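Biologist: Can you take me through this two-chain model? I have the sequence open and would like to go element by element.
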Amino acid sequence: MAHMHKIAVIGDEGSIMGFRALGVDTFAVATAHEARETLRAAARGQYAIIYVTEGVASDIIDTITEYGHKPLPVVLTIPDSSGKKGAAMEKIRRTVEKALGADILFGKEGNA
Amino acid sequence: MEIRVSPNRMQLLALKRRHSMAVRGHKLLKDKLDEMLRRFLELVKRDRELRAAIDESLAQAFQGFLLARAAMSSEAVDVALMYPKEHISLTASQKSIMNVAVPSFSWSFERQGDESNIYPYGFAYTSSELDSAIKLLSESMSSLVELAEVEKSVELMASEIERTRRRVNALEYVLIPDLERATKYVTMKLDEAERGNLTRLMKVKEMVRERGV
C-alpha cells in the first residue's frame, strides 16, 4: 500500500522559513494551543511526516506521544533556531529504557 | 495463581502436555525477544548517528538564515522564499521488522526548470548566506526522512519488545512454575493412593490367610 504523502513542518516562524524553500509545507505557530490544533489537523490530513521544532514540541509533548503507537504519521522533533534542547534525545533515551528495562545503552556509551 | 485439578492420571497427562507446550512457547518467545533486541539496538545506534548529523547541519542552516535576515530585510527573505521551486514527493509504505509494521519512505525532489538550480529566487537581491543555508537544508532532507523512518521504528519496536518481554516473564515466572507445582501435587496424590491401595491389599491378604488356616 503506497500512497502519495506530504511533509509538514510546525514551529516558530524563524526556524521553519527555510523549509518553505524546499517545498515542504510549513505552519508557523505561536501558542501551544495553536500548535496542538495544527498538529491534529496535519495528522488527519495527508501528512506522513510532521516535523515539530523543539521549542514548540516541549509544550505539546503529550499530544505528540499520542501518535507514537501508529505507523503513520511520524511526528518528529527537530532542533529549532534557538539551539537544541535535547528533548529528542531524551525521548529516545526513555524509549530505550522502556524497551530494555534499564538505561544500559546511554549509560555505557555516554550521552554524547 | 494456583492451578487446581483433580488428581488423576488424565489430568496428569494434560498437565504434562501443557507444561511442554509452555516451555516450547517460552523458548520461541525468548529467541524472538533476543533477535528483536539486536535489531532494536542497531536502529537506536543509527538513530543517534542521524540525530547528531541533523543537529549539526540544522544548527548551521539556522545560523545562515539568521545571517541572511540580518543582511537583508526580513521582508526580502520572506519574498525570496515565497514561491518554492522544489516540491518534495514522498511515498509512504510499510515494511515489517520481526512482524512489527513500520513505515518506509521513498522520496524525491521535483524541480521546476533548471535542475541544478535549487534556489527559488534570483541572486540579485539575496545574500549568499541564504544560498548556503538553503543548500544545507536541502542536503539534510534525506537524513531527515531517514530519521523519521528510523525513529518511528525504534518507537514501535520498543512497545513490541515490552509486550514480548512481559509474555516471556509471565511464562517463565508464573505459568511454568505453576504447572510444575500442579504436576507435583497430582503425582504425590497418585503415589499416596497407590500406597494406600497396597496396604489395603496386604491387610486383606492377611485376613484371608488367618481365616483359611
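Modeller: A note on terms to begin: helices (H or I, at least four residues) and strands (E, at least two) are DSSP runs, numbered from the N terminus. By that rule chain B has 3 helices and 2 strands. From its N terminus on, the elements of chain B run α-α-β-β-α.

Biologist: What kind of model is it, and how are things numbered?
Modeller: This is a predicted model, where local features need pLDDT of at least 70 and side-chain atom pairs count only at pLDDT 80 or more, while totals for chains, interfaces and linings use all residues. Residues are numbered from 1 along each chain as its sequence is written, and chains are lettered from A and ligands numbered from 1 in the order in which they are written.

Biologist: And how many helices and strands does chain A have?
Modeller: Chain A comes to 6 helices and 4 strands. Read from the N terminus on, the order is β-α-β-α-β-α-α-β-α-α.

Biologist: What share of each chain is buried?
Modeller: A residue is buried if 20 or more other C-beta atoms lie within 10 Å of its own, exposed if 12 or fewer, and partly exposed in between, with C-beta atoms placed from the backbone. Of the 112 residues in chain A, 46% are buried. For the 213 residues in chain B the figure is 25%.

Biologist: What about contacts far apart in sequence?
Modeller: Two residues are in contact if their C-beta atoms, placed from the backbone, lie within 7 Å. Among contacts in chain A between residues at least 6 apart in sequence, 61% join residues at least 24 apart. In chain B, residues 24 or more positions apart account for 81% of the contacts with a separation of 6 or more.

Biologist: Now the interface. How many residues of each chain are in contact?
Modeller: The contact involves 37 residues of chain A and 46 residues of chain B. On the chain A side, the elements giving two or more residues are strand E1 (3–11), helix H1 (13–20), strand E3 (47–53), strand E4 (74–78) and helix H5 (87–100).

Biologist: Which of those gives the most?
Modeller: H5(A), with 7 residues. By class, the chain A side divides into 23 nonpolar, 10 polar and 4 charged residues. Here Ala, Val, Leu, Ile, Met, Phe, Trp, Tyr, Cys and Pro count as nonpolar, Asp, Glu, Lys and Arg as charged, and the others, Gly among them, as polar.

Biologist: What does H5(A) pack against in chain B?
Modeller: One partner is helix H1 (residues 9–71) of chain B: the two axes come within 11 Å and cross at roughly 175°. Axes are lines fitted to C-alpha atoms, for helices over the stretch in contact, and angles run from 0 to 180 degrees between N-to-C directions.

Biologist: Parallel or antiparallel, then?
Modeller: H5(A) and H1(B) are roughly antiparallel to each other. Angles under 35 degrees count as roughly parallel, over 145 as roughly antiparallel, 65 to 115 as roughly perpendicular and the rest as oblique. H5(A) makes the contact through Ala88(A), Met89(A), Ile92(A), Val96(A) and Ala99(A), and H1(B) through Phe40(B), Val44(B), Asp47(B) and Arg51(B). That is 7 nonpolar, no polar and 2 charged residues.

Biologist: Which residues of H5(A) are buried?
Modeller: Ala88(A), Lys91(A), Ile92(A), Thr95(A), Val96(A) and Ala99(A). They cover an arc of only 135° around the axis, so they sit on the same side of H5(A). The arc is that of the directions from the helix axis to the C-beta atoms.

Biologist: And what follows H5(A)?
Modeller: Gly101(A), with a positive phi near 80°.

Biologist: Switching to His5(A). Is it buried or exposed?
Modeller: His5(A), in strand E1 of chain A, is buried, because 21 other C-beta atoms lie within 10 Å. Not counting residues up to four places away in sequence, His5(A) touches Gln46(A), Tyr47(A), Ala48(A), Leu90(B), Thr91(B) and Ala92(B).

Biologist: What does Glu162(B) touch?
Modeller: With the same sequence exclusion of up to four places, Glu162(B) touches Lys98(A) and Ala99(A). Glu162(B) lies in helix H3 (residues 128–212) of chain B and is partly exposed, with 14 other C-beta atoms within 10 Å.

Biologist: Any odd backbone angles in chain B?
Modeller: Met98(B) has a positive phi of about 50° although it is not a glycine. Met98(B) is in the loop between strand E1 (86–97) and strand E2 (100–111) of chain B. Asn99(B), also not a glycine, has a positive phi of about 70° and lies in the loop between E1 and E2 of chain B.

Biologist: How exposed are they?
Modeller: Met98(B) is partly exposed, with 16 other C-beta atoms within 10 Å. Asn99(B) is exposed, with 8.
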